[in-house]
Amino acid sequence: MTLSNIKKVALKVFCILSASIYLISFNVHANDAHMKSLINDITKMYMSSMVYVFKSQQIINGKNIDKKELLGKRFIDNIKQTYLAKYKEEFPKEDHFAKTVLLQAMVEVMDDNKALLYDDEIGFKGIIPATFAFQLSAKLSTKGVGLKIKFTRTAGQIRNKLNRPDSWESSVMKKIQNTPQIYYDENALLNGKPAIRQFTPLPMAHYCLACHGVPDNNPLNAGKKRSEWSNIDITGFEMENWTIDDFGGGVSISIEKSVLE
Amino acid sequence: MVFAKKVKKIYCLSVLSLFSFVSLSQTLTVGFIDFPPHIALHEEYKDSPLYQYINKVFLQANFKVVYVKLPRERAFTELIKGRVDVLMPTSIPSNHETVRKLSVPLFHTVPGLCFKKENYIPILSATHRFEKLNIGVPAGSQVVAALTGSQANLIPLKGEDVTSRGVELTQRGRLDAFYHPSPVKVYHQENPLYKEVACSYFHGYSTPIYIAITNTMSKETFTAINKIFQKAMLEEPYEYYFAMRK
(Lines give C-alpha, C1' and ligand atoms only; values in the text may rest on other atoms or scores of the structure.)
Protein backbone atom coordinates (compact mmCIF):
# COMPACT_ATOMS: atom_id res chain seq x y z
CA MET A 1 0.00 0.00 0.00
CA THR A 2 1.43 3.38 -1.02
CA LEU A 3 1.60 6.35 1.31
CA SER A 4 -1.12 8.20 -0.61
CA ASN A 5 -3.41 5.15 -0.29
CA ILE A 6 -2.80 5.00 3.46
CA LYS A 7 -3.64 8.71 3.66
CA LYS A 8 -6.87 8.15 1.72
CA VAL A 9 -7.92 5.28 4.00
CA ALA A 10 -7.06 7.29 7.12
CA LEU A 11 -9.11 10.21 5.81
CA LYS A 12 -12.04 7.89 5.11
CA VAL A 13 -11.83 6.37 8.61
CA PHE A 14 -11.63 9.85 10.12
CA CYS A 15 -14.72 11.01 8.18
CA ILE A 16 -16.74 7.94 9.17
CA LEU A 17 -15.75 8.31 12.82
CA SER A 18 -16.62 12.03 12.85
CA ALA A 19 -19.98 11.39 11.23
CA SER A 20 -20.76 8.61 13.73
CA ILE A 21 -19.80 10.79 16.70
CA TYR A 22 -21.94 13.62 15.30
CA LEU A 23 -24.91 11.29 14.77
CA ILE A 24 -24.58 9.76 18.23
CA SER A 25 -24.40 13.15 19.92
CA PHE A 26 -27.33 14.38 17.80
CA ASN A 27 -29.32 11.34 18.88
CA VAL A 28 -28.42 11.86 22.55
CA HIS A 29 -29.52 15.49 22.33
CA ALA A 30 -32.73 14.50 20.57
CA ASN A 31 -33.46 11.87 23.23
CA ASP A 32 -32.66 14.34 25.96
CA ALA A 33 -34.99 16.92 24.42
CA HIS A 34 -37.70 14.29 24.01
CA MET A 35 -37.38 13.21 27.66
CA LYS A 36 -37.49 16.79 28.91
CA SER A 37 -40.52 17.50 26.77
CA LEU A 38 -42.30 14.39 28.06
CA ILE A 39 -41.58 15.17 31.70
CA ASN A 40 -42.72 18.79 31.19
CA ASP A 41 -45.95 17.65 29.56
CA ILE A 42 -46.64 15.28 32.46
CA THR A 43 -45.94 18.02 35.02
CA LYS A 44 -48.33 20.42 33.32
CA MET A 45 -51.04 17.76 32.90
CA TYR A 46 -50.77 16.95 36.61
CA MET A 47 -50.86 20.62 37.62
CA SER A 48 -53.87 21.31 35.36
CA SER A 49 -55.80 18.53 37.05
CA MET A 50 -55.10 20.10 40.45
CA VAL A 51 -56.26 23.50 39.21
CA TYR A 52 -59.45 21.97 37.80
CA VAL A 53 -60.14 20.23 41.13
CA PHE A 54 -59.73 23.58 42.87
CA LYS A 55 -62.06 25.32 40.42
CA SER A 56 -64.66 22.58 40.87
CA GLN A 57 -65.06 22.86 44.63
CA GLN A 58 -68.67 24.01 44.26
CA ILE A 59 -69.57 21.03 42.11
CA ILE A 60 -67.60 18.65 44.33
CA ASN A 61 -69.21 19.77 47.60
CA GLY A 62 -72.59 20.90 46.28
CA LYS A 63 -75.83 19.05 46.95
CA ASN A 64 -78.26 17.93 44.26
CA ILE A 65 -75.76 18.82 41.56
CA ASP A 66 -74.93 16.72 38.54
CA LYS A 67 -71.36 15.51 39.09
CA LYS A 68 -70.78 14.15 35.59
CA GLU A 69 -68.26 16.88 34.84
CA LEU A 70 -65.98 15.23 37.41
CA LEU A 71 -66.13 11.74 35.96
CA GLY A 72 -64.84 9.78 32.99
CA LYS A 73 -64.07 11.41 29.68
CA ARG A 74 -65.73 14.68 30.68
CA PHE A 75 -63.31 15.06 33.58
CA ILE A 76 -60.39 14.69 31.17
CA ASP A 77 -61.99 17.14 28.71
CA ASN A 78 -62.29 19.68 31.53
CA ILE A 79 -58.64 19.18 32.47
CA LYS A 80 -57.73 19.76 28.82
CA GLN A 81 -59.68 23.03 28.85
CA THR A 82 -57.96 24.06 32.07
CA TYR A 83 -54.58 23.26 30.52
CA LEU A 84 -55.38 25.39 27.48
CA ALA A 85 -56.46 28.32 29.65
CA LYS A 86 -53.48 28.01 32.00
CA TYR A 87 -50.64 27.44 29.54
CA LYS A 88 -52.14 29.01 26.41
CA GLU A 89 -51.22 25.94 24.40
CA GLU A 90 -52.94 22.79 23.20
CA PHE A 91 -53.10 19.80 25.55
CA PRO A 92 -50.21 17.42 24.80
CA LYS A 93 -50.82 14.57 22.39
CA GLU A 94 -51.29 11.19 24.04
CA ASP A 95 -48.17 9.87 22.31
CA HIS A 96 -46.51 8.10 25.23
CA PHE A 97 -47.56 5.28 27.52
CA ALA A 98 -46.81 7.41 30.60
CA LYS A 99 -49.32 10.07 29.52
CA THR A 100 -52.00 7.47 28.87
CA VAL A 101 -51.45 5.89 32.29
CA LEU A 102 -51.65 9.30 33.96
CA LEU A 103 -54.95 10.20 32.28
CA GLN A 104 -56.42 6.80 33.09
CA ALA A 105 -55.35 7.18 36.73
CA MET A 106 -57.07 10.59 36.93
CA VAL A 107 -60.35 9.02 35.80
CA GLU A 108 -59.89 6.10 38.21
CA VAL A 109 -59.24 8.41 41.19
CA MET A 110 -62.40 10.40 40.58
CA ASP A 111 -64.38 7.19 40.18
CA ASP A 112 -62.99 5.99 43.53
CA ASN A 113 -64.61 9.13 44.98
CA LYS A 114 -67.91 8.67 43.17
CA ALA A 115 -69.93 7.44 46.16
CA LEU A 116 -68.70 10.40 48.20
CA LEU A 117 -69.34 12.90 45.42
CA TYR A 118 -72.98 11.83 45.21
CA ASP A 119 -73.49 11.67 48.98
CA ASP A 120 -75.63 14.73 49.63
CA GLU A 121 -75.48 14.21 53.38
CA ILE A 122 -71.78 15.06 53.38
CA GLY A 123 -70.94 18.74 52.95
CA PHE A 124 -67.20 19.08 52.67
CA LYS A 125 -65.89 16.02 50.84
CA GLY A 126 -62.17 16.64 51.34
CA ILE A 127 -61.42 16.41 47.61
CA ILE A 128 -59.06 19.37 47.30
CA PRO A 129 -56.03 19.82 45.01
CA ALA A 130 -53.53 18.42 47.55
CA THR A 131 -55.59 15.32 48.42
CA PHE A 132 -56.44 14.69 44.77
CA ALA A 133 -52.74 14.96 43.91
CA PHE A 134 -51.87 12.47 46.66
CA GLN A 135 -54.58 10.02 45.58
CA LEU A 136 -53.26 10.26 42.05
CA SER A 137 -49.70 9.60 43.24
CA ALA A 138 -50.88 6.63 45.31
CA LYS A 139 -52.84 5.27 42.35
CA LEU A 140 -49.86 5.58 39.99
CA SER A 141 -47.62 3.79 42.48
CA THR A 142 -49.86 0.72 42.18
CA LYS A 143 -49.50 0.60 38.41
CA GLY A 144 -45.92 -0.67 38.39
CA VAL A 145 -45.08 1.36 35.30
CA GLY A 146 -41.97 3.16 36.57
CA LEU A 147 -43.68 6.53 36.82
CA LYS A 148 -43.83 8.41 40.12
CA ILE A 149 -45.49 11.76 40.64
CA LYS A 150 -45.65 13.67 43.88
CA PHE A 151 -46.75 17.09 45.06
CA THR A 152 -44.49 17.71 48.03
CA ARG A 153 -42.76 20.29 50.18
CA THR A 154 -39.96 20.53 52.71
CA ALA A 155 -40.11 17.72 55.28
CA GLY A 156 -41.09 19.71 58.37
CA GLN A 157 -44.05 21.27 56.59
CA ILE A 158 -45.84 18.22 55.28
CA ARG A 159 -49.24 17.35 56.72
CA ASN A 160 -49.49 13.87 55.24
CA LYS A 161 -46.56 11.81 56.53
CA LEU A 162 -46.77 9.50 53.51
CA ASN A 163 -46.07 12.46 51.27
CA ARG A 164 -42.77 13.46 52.84
CA PRO A 165 -39.96 14.24 50.39
CA ASP A 166 -37.26 11.64 49.80
CA SER A 167 -33.58 12.56 50.07
CA TRP A 168 -33.33 13.63 46.40
CA GLU A 169 -36.36 15.92 46.74
CA SER A 170 -35.10 17.36 50.03
CA SER A 171 -31.69 18.18 48.59
CA VAL A 172 -33.23 19.74 45.46
CA MET A 173 -35.60 21.91 47.50
CA LYS A 174 -32.70 23.04 49.63
CA LYS A 175 -30.91 24.18 46.47
CA ILE A 176 -33.80 25.98 44.80
CA GLN A 177 -35.96 27.19 47.68
CA ASN A 178 -34.64 30.75 47.56
CA THR A 179 -34.39 30.99 43.79
CA PRO A 180 -37.15 28.68 42.54
CA GLN A 181 -36.36 27.08 39.19
CA ILE A 182 -36.98 23.74 37.51
CA TYR A 183 -34.39 21.17 38.53
CA TYR A 184 -33.71 18.37 36.05
CA ASP A 185 -31.60 15.31 36.83
CA GLU A 186 -31.00 12.78 34.08
CA ASN A 187 -28.79 10.55 36.21
CA ALA A 188 -31.08 9.79 39.12
CA LEU A 189 -32.50 6.52 40.43
CA LEU A 190 -36.07 5.31 40.97
CA ASN A 191 -36.69 1.96 42.67
CA GLY A 192 -32.96 1.35 42.29
CA LYS A 193 -33.16 1.73 38.50
CA PRO A 194 -31.73 4.53 36.32
CA ALA A 195 -34.28 7.30 36.06
CA ILE A 196 -34.88 10.86 35.08
CA ARG A 197 -36.22 13.14 37.77
CA GLN A 198 -37.54 16.65 37.65
CA PHE A 199 -38.69 18.98 40.38
CA THR A 200 -40.88 21.88 39.30
CA PRO A 201 -41.40 24.47 42.06
CA LEU A 202 -44.89 25.91 42.38
CA PRO A 203 -45.57 29.48 43.35
CA MET A 204 -47.82 29.81 46.38
CA ALA A 205 -51.35 30.40 45.11
CA HIS A 206 -54.10 32.29 46.90
CA TYR A 207 -56.20 29.14 47.07
CA CYS A 208 -53.41 27.39 49.03
CA LEU A 209 -53.71 30.02 51.75
CA ALA A 210 -57.32 29.13 52.53
CA CYS A 211 -55.86 26.17 54.44
CA HIS A 212 -52.18 27.02 54.89
CA GLY A 213 -52.38 30.79 55.43
CA VAL A 214 -53.33 32.89 58.44
CA PRO A 215 -56.77 32.79 60.14
CA ASP A 216 -57.75 35.82 58.07
CA ASN A 217 -57.57 33.55 54.98
CA ASN A 218 -59.70 30.82 56.55
CA PRO A 219 -63.10 30.74 54.81
CA LEU A 220 -64.58 29.21 58.00
CA ASN A 221 -63.93 32.56 59.73
CA ALA A 222 -65.81 34.61 57.17
CA GLY A 223 -68.47 36.78 58.80
CA LYS A 224 -67.30 35.94 62.34
CA LYS A 225 -65.88 38.29 64.98
CA ARG A 226 -62.08 38.17 65.16
CA SER A 227 -62.35 36.81 68.73
CA GLU A 228 -64.22 33.79 67.34
CA TRP A 229 -61.73 33.03 64.57
CA SER A 230 -60.21 29.60 64.36
CA ASN A 231 -56.76 28.62 63.13
CA ILE A 232 -58.09 25.17 62.23
CA ASP A 233 -58.88 24.92 58.52
CA ILE A 234 -61.73 23.10 56.83
CA THR A 235 -59.69 19.88 56.56
CA GLY A 236 -59.12 19.79 60.34
CA PHE A 237 -55.45 20.82 60.34
CA GLU A 238 -53.87 23.77 62.11
CA MET A 239 -53.07 26.55 59.62
CA GLU A 240 -49.37 27.19 59.01
CA ASN A 241 -49.46 31.01 58.64
CA TRP A 242 -47.79 30.88 55.24
CA THR A 243 -47.95 33.94 52.99
CA ILE A 244 -48.14 34.37 49.24
CA ASP A 245 -44.36 34.95 49.16
CA ASP A 246 -43.51 31.61 50.79
CA PHE A 247 -42.11 28.62 48.92
CA GLY A 248 -45.08 26.64 47.57
CA GLY A 249 -43.43 23.23 47.32
CA GLY A 250 -43.46 21.59 43.93
CA VAL A 251 -44.21 18.71 41.64
CA SER A 252 -41.66 15.93 41.66
CA ILE A 253 -41.73 13.56 38.70
CA SER A 254 -39.57 10.49 38.26
CA ILE A 255 -39.58 8.19 35.26
CA GLU A 256 -37.50 5.06 34.90
CA LYS A 257 -35.35 5.30 31.77
CA SER A 258 -36.60 1.93 30.59
CA VAL A 259 -40.11 3.44 30.38
CA LEU A 260 -38.84 6.25 28.19
CA GLU A 261 -37.22 3.82 25.79
CA MET B 1 -29.41 -21.63 5.67
CA VAL B 2 -32.69 -22.73 4.10
CA PHE B 3 -32.88 -25.57 6.58
CA ALA B 4 -32.38 -23.17 9.52
CA LYS B 5 -35.19 -20.97 8.19
CA LYS B 6 -37.49 -23.96 7.89
CA VAL B 7 -36.71 -25.07 11.45
CA LYS B 8 -37.44 -21.53 12.67
CA LYS B 9 -40.76 -21.50 10.79
CA ILE B 10 -41.77 -24.88 12.19
CA TYR B 11 -40.83 -23.76 15.69
CA CYS B 12 -42.90 -20.57 15.40
CA LEU B 13 -45.88 -22.44 14.02
CA SER B 14 -45.73 -25.05 16.75
CA VAL B 15 -45.57 -22.38 19.48
CA LEU B 16 -48.56 -20.59 17.94
CA SER B 17 -50.55 -23.77 17.55
CA LEU B 18 -49.67 -24.76 21.11
CA PHE B 19 -51.24 -21.54 22.42
CA SER B 20 -54.34 -21.90 20.27
CA PHE B 21 -54.56 -25.57 21.23
CA VAL B 22 -54.30 -24.65 24.92
CA SER B 23 -57.04 -22.06 24.59
CA LEU B 24 -59.40 -23.88 22.25
CA SER B 25 -59.36 -27.24 23.95
CA GLN B 26 -59.53 -26.03 27.52
CA THR B 27 -62.65 -25.61 29.60
CA LEU B 28 -61.91 -23.43 32.57
CA THR B 29 -63.94 -23.33 35.73
CA VAL B 30 -63.82 -19.80 37.05
CA GLY B 31 -64.97 -19.14 40.60
CA PHE B 32 -66.24 -15.75 41.71
CA ILE B 33 -66.22 -14.51 45.30
CA ASP B 34 -68.62 -11.75 46.29
CA PHE B 35 -66.82 -8.40 46.08
CA PRO B 36 -69.27 -5.58 45.45
CA PRO B 37 -69.36 -3.33 43.49
CA HIS B 38 -66.99 -5.31 41.23
CA ILE B 39 -68.96 -8.53 41.44
CA ALA B 40 -72.20 -8.82 43.40
CA LEU B 41 -73.28 -12.42 43.79
CA HIS B 42 -76.66 -11.73 45.38
CA GLU B 43 -77.67 -10.01 42.14
CA GLU B 44 -77.45 -11.24 38.55
CA TYR B 45 -73.68 -11.49 38.56
CA LYS B 46 -73.47 -11.37 34.78
CA ASP B 47 -74.34 -7.67 35.03
CA SER B 48 -71.30 -7.05 37.25
CA PRO B 49 -68.38 -5.18 35.68
CA LEU B 50 -65.80 -7.78 36.72
CA TYR B 51 -67.74 -10.63 35.07
CA GLN B 52 -68.13 -8.62 31.88
CA TYR B 53 -64.45 -7.70 31.72
CA ILE B 54 -63.18 -11.21 32.44
CA ASN B 55 -65.67 -12.91 30.17
CA LYS B 56 -64.59 -10.66 27.29
CA VAL B 57 -60.93 -11.51 27.93
CA PHE B 58 -61.52 -15.27 27.96
CA LEU B 59 -63.85 -15.18 24.97
CA GLN B 60 -61.31 -13.28 22.88
CA ALA B 61 -58.77 -15.97 23.71
CA ASN B 62 -61.26 -18.70 22.71
CA PHE B 63 -61.42 -20.29 26.14
CA LYS B 64 -64.55 -22.19 27.07
CA VAL B 65 -65.51 -21.01 30.53
CA VAL B 66 -67.87 -22.27 33.20
CA TYR B 67 -68.56 -19.76 35.96
CA VAL B 68 -69.42 -20.66 39.54
CA LYS B 69 -70.36 -18.54 42.53
CA LEU B 70 -68.44 -19.46 45.67
CA PRO B 71 -68.80 -18.50 49.32
CA ARG B 72 -65.58 -16.95 50.63
CA GLU B 73 -65.05 -19.66 53.28
CA ARG B 74 -65.09 -22.51 50.76
CA ALA B 75 -63.51 -20.78 47.77
CA PHE B 76 -59.86 -21.48 48.54
CA THR B 77 -60.49 -25.12 49.36
CA GLU B 78 -62.15 -25.54 45.96
CA LEU B 79 -59.15 -23.90 44.29
CA ILE B 80 -56.57 -25.94 46.19
CA LYS B 81 -58.38 -29.17 45.33
CA GLY B 82 -58.50 -28.10 41.68
CA ARG B 83 -62.30 -28.14 41.50
CA VAL B 84 -62.06 -24.58 40.22
CA ASP B 85 -59.17 -23.52 38.01
CA VAL B 86 -59.39 -19.79 38.53
CA LEU B 87 -60.65 -17.78 41.49
CA MET B 88 -61.29 -14.05 41.76
CA PRO B 89 -61.16 -11.45 43.12
CA THR B 90 -58.92 -12.22 46.06
CA SER B 91 -55.92 -11.06 47.98
CA ILE B 92 -53.51 -13.97 48.25
CA PRO B 93 -52.54 -14.63 51.86
CA SER B 94 -48.77 -14.97 52.21
CA ASN B 95 -49.10 -18.47 53.70
CA HIS B 96 -50.96 -19.73 50.61
CA GLU B 97 -48.23 -21.63 48.83
CA THR B 98 -50.83 -24.02 47.50
CA VAL B 99 -52.17 -21.57 44.91
CA ARG B 100 -50.63 -19.29 42.31
CA LYS B 101 -51.66 -15.88 41.10
CA LEU B 102 -51.46 -14.06 37.78
CA SER B 103 -48.57 -11.64 37.61
CA VAL B 104 -50.63 -8.45 37.31
CA PRO B 105 -53.13 -7.53 40.05
CA LEU B 106 -56.72 -7.06 38.94
CA PHE B 107 -57.21 -3.96 41.09
CA HIS B 108 -56.18 -2.53 44.46
CA THR B 109 -58.24 -1.91 47.57
CA VAL B 110 -57.58 0.84 50.06
CA PRO B 111 -58.58 0.47 53.73
CA GLY B 112 -60.56 3.13 55.53
CA LEU B 113 -62.96 4.19 58.24
CA CYS B 114 -66.74 4.32 58.08
CA PHE B 115 -68.52 7.00 60.10
CA LYS B 116 -72.04 8.03 60.90
CA LYS B 117 -72.57 10.74 58.28
CA GLU B 118 -72.73 13.64 60.74
CA ASN B 119 -69.36 12.64 62.24
CA TYR B 120 -67.59 12.16 58.91
CA ILE B 121 -63.83 12.82 58.75
CA PRO B 122 -62.91 13.23 55.09
CA ILE B 123 -59.11 13.31 55.29
CA LEU B 124 -57.61 10.46 57.30
CA SER B 125 -54.05 11.78 57.27
CA ALA B 126 -55.44 14.20 59.90
CA THR B 127 -54.81 11.49 62.51
CA HIS B 128 -54.96 13.99 65.38
CA ARG B 129 -58.72 13.98 64.82
CA PHE B 130 -58.89 10.34 65.98
CA GLU B 131 -57.97 11.30 69.54
CA LYS B 132 -60.35 9.67 72.02
CA LEU B 133 -62.56 8.29 69.23
CA ASN B 134 -63.89 4.77 69.72
CA ILE B 135 -63.07 2.91 66.54
CA GLY B 136 -64.21 -0.66 65.93
CA VAL B 137 -61.67 -2.96 64.33
CA PRO B 138 -62.42 -6.51 63.11
CA ALA B 139 -60.77 -8.79 65.68
CA GLY B 140 -57.48 -10.22 64.44
CA SER B 141 -57.27 -8.04 61.35
CA GLN B 142 -54.19 -6.06 60.36
CA VAL B 143 -54.71 -2.34 60.75
CA VAL B 144 -52.73 0.46 59.06
CA ALA B 145 -49.99 2.20 61.04
CA ALA B 146 -51.76 5.56 60.73
CA LEU B 147 -54.54 4.19 62.95
CA THR B 148 -52.54 2.07 65.40
CA GLY B 149 -50.17 5.02 65.91
CA SER B 150 -53.05 7.41 66.65
CA GLN B 151 -54.74 8.24 69.95
CA ALA B 152 -57.95 6.39 69.01
CA ASN B 153 -59.42 3.69 71.26
CA LEU B 154 -59.43 0.58 69.11
CA ILE B 155 -62.26 -1.77 70.03
CA PRO B 156 -62.22 -5.31 68.63
CA LEU B 157 -65.33 -6.31 66.69
CA LYS B 158 -66.18 -9.99 66.93
CA GLY B 159 -68.71 -12.17 65.21
CA GLU B 160 -69.42 -13.52 61.74
CA ASP B 161 -70.59 -10.30 60.17
CA VAL B 162 -68.35 -7.58 61.57
CA THR B 163 -69.44 -5.04 58.96
CA SER B 164 -73.09 -5.20 60.02
CA ARG B 165 -71.97 -5.11 63.64
CA GLY B 166 -69.81 -2.05 62.90
CA VAL B 167 -72.67 -0.25 61.15
CA GLU B 168 -75.07 -1.10 63.97
CA LEU B 169 -72.73 0.10 66.74
CA THR B 170 -71.87 3.26 64.80
CA GLN B 171 -75.55 4.03 64.30
CA ARG B 172 -76.24 3.53 68.00
CA GLY B 173 -73.37 5.86 68.92
CA ARG B 174 -71.40 3.11 70.68
CA LEU B 175 -68.65 3.56 68.11
CA ASP B 176 -67.49 6.73 66.38
CA ALA B 177 -66.33 4.74 63.37
CA PHE B 178 -65.29 1.27 62.28
CA TYR B 179 -62.28 0.12 60.30
CA HIS B 180 -62.82 -1.75 57.05
CA PRO B 181 -60.04 -3.25 54.89
CA SER B 182 -62.05 -2.38 51.80
CA PRO B 183 -64.79 0.18 52.54
CA VAL B 184 -65.80 0.31 48.89
CA LYS B 185 -67.69 -2.94 49.58
CA VAL B 186 -69.89 -0.97 51.98
CA TYR B 187 -69.80 2.56 50.63
CA HIS B 188 -71.07 2.36 47.08
CA GLN B 189 -74.32 3.64 45.72
CA GLU B 190 -75.93 0.25 45.05
CA ASN B 191 -75.58 -0.81 48.70
CA PRO B 192 -78.49 0.01 51.06
CA LEU B 193 -75.85 0.73 53.76
CA TYR B 194 -74.78 3.73 51.64
CA LYS B 195 -77.52 5.67 53.39
CA GLU B 196 -76.30 4.69 56.85
CA VAL B 197 -72.57 5.48 56.80
CA ALA B 198 -69.93 7.44 54.91
CA CYS B 199 -66.42 6.07 54.50
CA SER B 200 -63.08 7.69 53.87
CA TYR B 201 -59.78 6.10 52.92
CA PHE B 202 -56.23 5.67 54.13
CA HIS B 203 -54.76 6.53 50.73
CA GLY B 204 -51.25 5.23 50.29
CA TYR B 205 -51.99 1.90 52.00
CA SER B 206 -53.28 -0.36 49.27
CA THR B 207 -53.64 -4.11 48.89
CA PRO B 208 -53.40 -5.80 45.49
CA ILE B 209 -56.31 -8.02 44.55
CA TYR B 210 -55.46 -10.87 42.22
CA ILE B 211 -56.76 -13.65 40.07
CA ALA B 212 -55.72 -16.87 41.82
CA ILE B 213 -54.92 -20.04 39.89
CA THR B 214 -54.98 -23.62 41.07
CA ASN B 215 -51.65 -25.42 41.35
CA THR B 216 -53.15 -28.33 39.44
CA MET B 217 -53.25 -26.25 36.26
CA SER B 218 -50.59 -27.08 33.66
CA LYS B 219 -47.72 -24.67 33.14
CA GLU B 220 -48.77 -24.09 29.52
CA THR B 221 -52.32 -23.14 30.41
CA PHE B 222 -51.11 -20.90 33.24
CA THR B 223 -48.71 -19.14 30.86
CA ALA B 224 -51.41 -18.71 28.23
CA ILE B 225 -53.88 -17.21 30.73
CA ASN B 226 -51.22 -14.97 32.23
CA LYS B 227 -50.29 -13.71 28.78
CA ILE B 228 -53.82 -12.89 27.64
CA PHE B 229 -54.61 -11.20 30.94
CA GLN B 230 -51.44 -9.07 30.80
CA LYS B 231 -52.32 -8.04 27.26
CA ALA B 232 -55.88 -7.14 28.23
CA MET B 233 -54.69 -5.11 31.21
CA LEU B 234 -52.24 -3.25 29.01
CA GLU B 235 -54.92 -2.42 26.47
CA GLU B 236 -57.48 -1.40 29.08
CA PRO B 237 -56.73 -1.83 32.81
CA TYR B 238 -59.67 -3.26 34.73
CA GLU B 239 -59.84 -0.24 37.08
CA TYR B 240 -60.13 2.08 34.10
CA TYR B 241 -62.78 -0.15 32.53
CA PHE B 242 -64.65 -0.06 35.85
CA ALA B 243 -64.41 3.75 36.05
CA MET B 244 -65.60 4.22 32.46
CA ARG B 245 -68.61 1.90 32.72
CA LYS B 246 -72.00 3.50 32.14
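This passage describes the contact between two chains, one helix of chain B and the main nonpolar core in a predicted model.

We can begin with the contact itself, to which chain A gives 25 residues and chain B gives 24 residues. On the side of chain A that touches chain B, the elements giving two or more residues are α4 (97-112), α5 (114-117) and α6 (129-141) of chain A. Sorted by class, this side of chain A holds ten nonpolar, nine polar and six charged residues.

Helix α3 of chain B, residues 72-80, offers a nice example of a two-sided helix. Its buried residues are A75(B), F76(B) and L79(B). Because these residues cover an arc of only 85° around the axis, they sit on the same side of α3(B). Turned away from that buried side is a face carrying the exposed residues E73(B), R74(B) and T77(B). As for partners, the buried residues of α3(B) pack against five strands of chain B, namely β1 (27-33), β2 (64-70), β3 (86-90), β4 (99-101) and β11 (207-214). After α3(B) comes G82(B), which has a positive phi, near 80°.

The largest nonpolar core contains 112 residues, and those touching the most other members are M106(A), C114(B), I135(B) and I211(B). In chain B, domain 1 (2-108 + 209-244) and domain 2 (111-201) both contribute residues to this core, so the core lies between them. For M106(A), once neighbours within four places in sequence are left aside, the contacts are S49(A), F75(A), I76(A), I79(A) and L136(A).

Conventions:
Residues numbered from 1 in each chain as written. Chains lettered and ligands numbered in written order. Predicted model: local features only at pLDDT ≥ 70, side-chain atom pairs only at ≥ 80, totals over all residues. Contact = placed C-beta atoms within 7 Å. Helix = DSSP H or I, 4+ residues; strand = E, 2+ residues; numbered from the N terminus. Nonpolar A, V, L, I, M, F, W, Y, C, P; charged D, E, K, R; others polar. Buried ≥ 20, exposed ≤ 12 C-beta atoms within 10 Å, placed from the backbone. Arc of directions from axis to C-beta. Core = buried A, V, L, I, M, F, W, Y, C linked by C-beta atoms within 7 Å. Domains from an automatic or database assignment.
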